[in-house]
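The following questions and answers are meant to be read beside the sequence and the coordinates. Each answer works through a few steps and closes on what was asked.

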Amino acid sequence: MQADPRDVVDVPDPGAVIRFLTANPEFFKQNEDILPRLRIPHVSGSAVSLIEHQVSVLRGKCTSLENSLRDLIGVARDNEALQHRLHQLVQEIISAPLLDDVVAATRRALCSHFGADEVHVLLIDDRSQADQIGRSGAGVAAADDRHGEGCYRTMNRNDPRLGHFGALFEGRGTHCGLPDAAQQAVLIGDDACDPGSAATIPLQYQGSLGLVMLASRDEARFGAGKGVVFLDQLGDVLSRRVHALARDMS
């Protein structure tokens, strides 16, 4: 099999390189960035030359900086893609006519693009008198929703179990880390779920509106200390939209 001509790199012979450098004595002065990549012998007997040591250190730093730069570029690309997906989700949320549609779009996007294996939604409903599964805030079973994307749990504002989330609502931001047993009982209920890690977003706009829990089997996915900027932005948009739809339904 013949090599692709595009993959063949012309390597000049040593004589051509010597003639070029002789004709361009300022080449390395004008292209100092390549010096750390070169291996230039420096005869010093059995002793280690200070210059050779300095060059070795600089070469190591150059390699380390290049690796760091590649990592930063990778992170920037990932964040750009995530920001684009968040923008698309926000557009879906603000244009959704029903609360059920908002929940469905949110759950779908969080599982597809934000690394969640399960998403549990609890909304505070002043009209509901019991903890139950509902659609569109109606508090009825969602057996006709085959994928369960529009399902959410509702709880009356006066239910004492909401007290388990007092600190989370006071903190106002997304919390990474597994909820305690009492909190999981409220958020997950009887649903089969044994998360390795979780992130919980409090929904608040002119009062507490509910909670969204992203659960993952990966213990490191939503571990404590993880960045939550995108989830906080999502929480702000969700809070305003849920508040507007709940007000229209009342």
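Helices and strands here are DSSP runs, helices of at least four residues in H or I and strands of at least two in E, numbered from the N terminus. The model is a predicted one.

Q: In what order do the helices and strands of the protein chain follow one another along the sequence?
A: The protein chain contains 7 helices and 6 strands. Among its contacts between residues at least 6 apart in sequence, 61% join residues at least 24 apart. Read along the sequence, the order is α-α-α-α-β-β-β-α-β-α-β-β-α.

Q: How many residues of helix α1 are buried?
A: Helix α1 covers residues 14–23, and at its N-terminal end Asp13 acts as a cap, with a side-chain oxygen 3.0 Å from the backbone nitrogen of Gly15. A residue counts as buried under 20% relative accessible area, and among the 10 residues of α1, which is hardly covered, the count of buried ones is 0.

Q: What distance does helix α4 reach from its first C-alpha to its last?
A: Helix α4 runs over residues 99–113, and its buried residues include Leu99, Val102, Val103 and Leu110, together with the charged-type names Asp100 and Arg107. Just after the helix, Gly115 takes a positive phi of about 80°. With 15 residues and an expectation of 21 Å at 1.5 Å a residue, α4 comes close to that figure, reaching 21 Å.

Q: Which residue of β3 stands opposite Ile124?
A: Strand β1, residues 118–124, pairs with β3 in the parallel sense over 3 bridges. Within this pairing Leu123 stands opposite Thr154. Ile124, for its part, stands opposite Met155.

Q: Are the two faces of strand β3 covered or uncovered, and which residues lie on each?
A: In a regular strand the side chains alternate between the two faces of the sheet. Strand β3 spans residues 152–155, and both of its faces are covered by the surrounding protein, since all four residues are buried. On one side are Tyr152 and Thr154, and on the other Arg153 and Met155.

Q: In which sense do β1 and β6 pair?
A: Strand β1 is mostly covered, with 6 of its 7 residues buried. Val119 stands opposite Leu214 in β6. The two strands β1 and β6 are joined over 6 bridges, and the sense of their pairing is antiparallel.

Q: Which residues have the most contacts inside the largest nonpolar core?
A: In soluble globular proteins, nonpolar side chains tend to be buried together. The largest nonpolar core here has 33 residues, and the elements that give two or more residues to this core are α3, α4, β1, β5, β6 and α7. A second, separate core of 14 residues includes Met155, Val186, Leu211 and Met213. In the largest core, the residues with the most contacts are Leu110, Phe114, Leu203, Val212 and Leu214.

Q: Which residues does Phe114 touch, not counting residues up to four places away in sequence?
A: Phe114 is one of the residues with the most contacts inside the largest nonpolar core. Setting aside residues up to four places away in sequence, Phe114 touches Leu82, Leu86, Ala109, Leu214, Arg221, Phe222, Phe230 and Leu231.

Q: Why does Pro179 count as buried?
A: Pro179 lies in the loop between β4 and α6, and beyond four places in sequence it touches Gln184, Leu187, Ala198, Thr200 and Met213. The C-alpha atoms of Pro179 and Ala198, 19 residues apart along the chain, are separated by 7.3 Å. Buried means under 20% relative accessible area, and Pro179 therefore counts as buried, its value being 8%.

Q: Is Arg172 buried or exposed?
A: Arg172 is found in the loop between α5 and β4, and its phi is near 70°, a positive value in a residue other than glycine. Exposed means over 50% relative accessible area, so at 56% Arg172 counts as exposed.

Q: What is the relative accessible area of Ser216?
A: Ser216 is found in strand β6, and its side chain reaches the backbone nitrogen of Asp218 at 3.0 Å. Leaving aside neighbours within four places in sequence, Ser216 is in contact with Gly115, Asp117, Pro195, Gly196, Ser197, Arg221 and Phe222. Ser216 is buried, and its relative accessible area is 4%.

Terms used:
Residues are numbered from 1 along each chain as its sequence is written. Side-chain values use heavy atoms; hydrogens and water are left out. The expected span of a helix is 1.5 Å times one less than its number of residues. Buried means under 20% relative accessible area, exposed over 50%, partly exposed in between (1.4 Å probe, protein chains only). Contact means heavy atoms within 4.5 Å. Two strands pair if DSSP finds at least two bridges between them. A polar contact is a pair of N or O atoms within 3.5 Å; within protein, one must be able to donate a hydrogen and the other to accept it, and residues adjacent in sequence count only if both atoms are side-chain atoms. A nonpolar core is a set of buried Ala, Val, Leu, Ile, Met, Phe, Trp, Tyr and Cys residues joined through side-chain atoms within 4.5 Å.
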